[in-house]
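Here is a brief report on a predicted model. Sequence and structure come first, then the notes.

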Amino acid sequence: NSNKENSTVPKTNVEELGMLVNVPYEAEESVWKTEAANKELIAVLRFSATDSEKLVADAARYRKPEEASVQSEPWFPDELVAQGDMSGDDTLKGISYGANAFFQENYNEGRLIRIDGTNYFVLEMHSK
């Protein structure tokens, strides 16, 4: 049981994340979790304003941007948890893009959501 609990503890090592998915720009902050049973990975990444704009421009080429929302998690950065609390339903609103720039062998489907008003991105990845 303790092994299962350990796998659900969020990690902050961006180099370790980089072994699972491609991280195209240097993240200023990262927190992420994997769920091996469903082959899923969720990461929250914060980039500089300049890199955020580059990332959005790159991602928009893969898929038309569209409005999206994502459920705030207790392990997300405090700023996002507070933003989720203010929404009244623990959701974070943003714009969803294709996550192709992050694809690697094990995680080759997903989406990248830039949270409104921030340089935070929620990366949701899974294996086909």
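## A strand pair

Strands S5 (residues 109-115) and S6 (residues 120-126) run antiparallel and are joined by six bridges. One residue pair illustrates the link: Ile113 has Val122 as its bridge partner in S6.

## The sheet

S5 and S6 belong to an open sheet of six strands. The order is S1-S2-S6-S5-S4-S3, and the pairing is antiparallel. Strand S1 (29-35) and strand S3 (66-71) stand at the edges. Each has a single partner strand, so one side of each is left without a neighbour in the sheet. From one strand to the next, the twist averages 30 degrees.

## Helices on the sheet

Helix H3 packs on the sheet and touches strand S4 (91-98), S5 and S6. Its direction makes about 140 degrees with that of S5.

Helix H4 (residues 78-87) lies across strand S2 (40-46), S4, S5 and S6. H4 runs at about 115 degrees to S4.

## Two residues of H3

Helix H3 spans residues 49-60 and contains Asp51. Is Asp51 buried or exposed? Its relative accessibility is 15%, so Asp51 counts as buried, the cut-off being under 20%. Leaving aside residues up to four places away in sequence, Asp51 touches Tyr25 and Glu26.

Val56 is also found in helix H3. At 14% relative accessibility, Val56 counts as buried. Which residues does Val56 touch, not counting those up to four places away in sequence? They are Tyr97, Arg114 and Phe121. Glu66 is ten residues from Val56 in sequence, and the two are 12 Å apart in space, C-alpha to C-alpha.

## Nonpolar cores

The largest nonpolar core has 21 residues. Those with the most contacts inside it are Leu41, Phe102, Leu112, Leu123 and Met125. S2, H3 and S6 each supply at least two residues of this core.

Leu41 has a long contact list once residues up to four places away in sequence are left out. Among its contacts are Leu17, Leu20, Val21 and Trp32. Leu41 also touches Tyr107, Leu123 and Met125. Polar or charged names appear too, including Lys33, Thr34 and Glu124.

A second, separate core has twelve residues. Its members include Val31, Val44, Ala68 and Tyr120.

Conventions. Residues numbered from 1 in each chain as written. Predicted model: local features only at pLDDT ≥ 70, side-chain atom pairs only at ≥ 80, totals over all residues. Heavy atoms only, no water. Helix = DSSP H or I, 4+ residues; strand = E, 2+ residues; numbered from the N terminus. Buried < 20%, exposed > 50% of the residue type's maximum accessible area, 1.4 Å probe, protein only. Contact = heavy atoms within 4.5 Å. Pairing = 2+ DSSP bridges. Axes fitted to C-alpha atoms, helices over the stretch in contact; angles between N-to-C directions. Core = buried A, V, L, I, M, F, W, Y, C linked by side-chain atoms within 4.5 Å.
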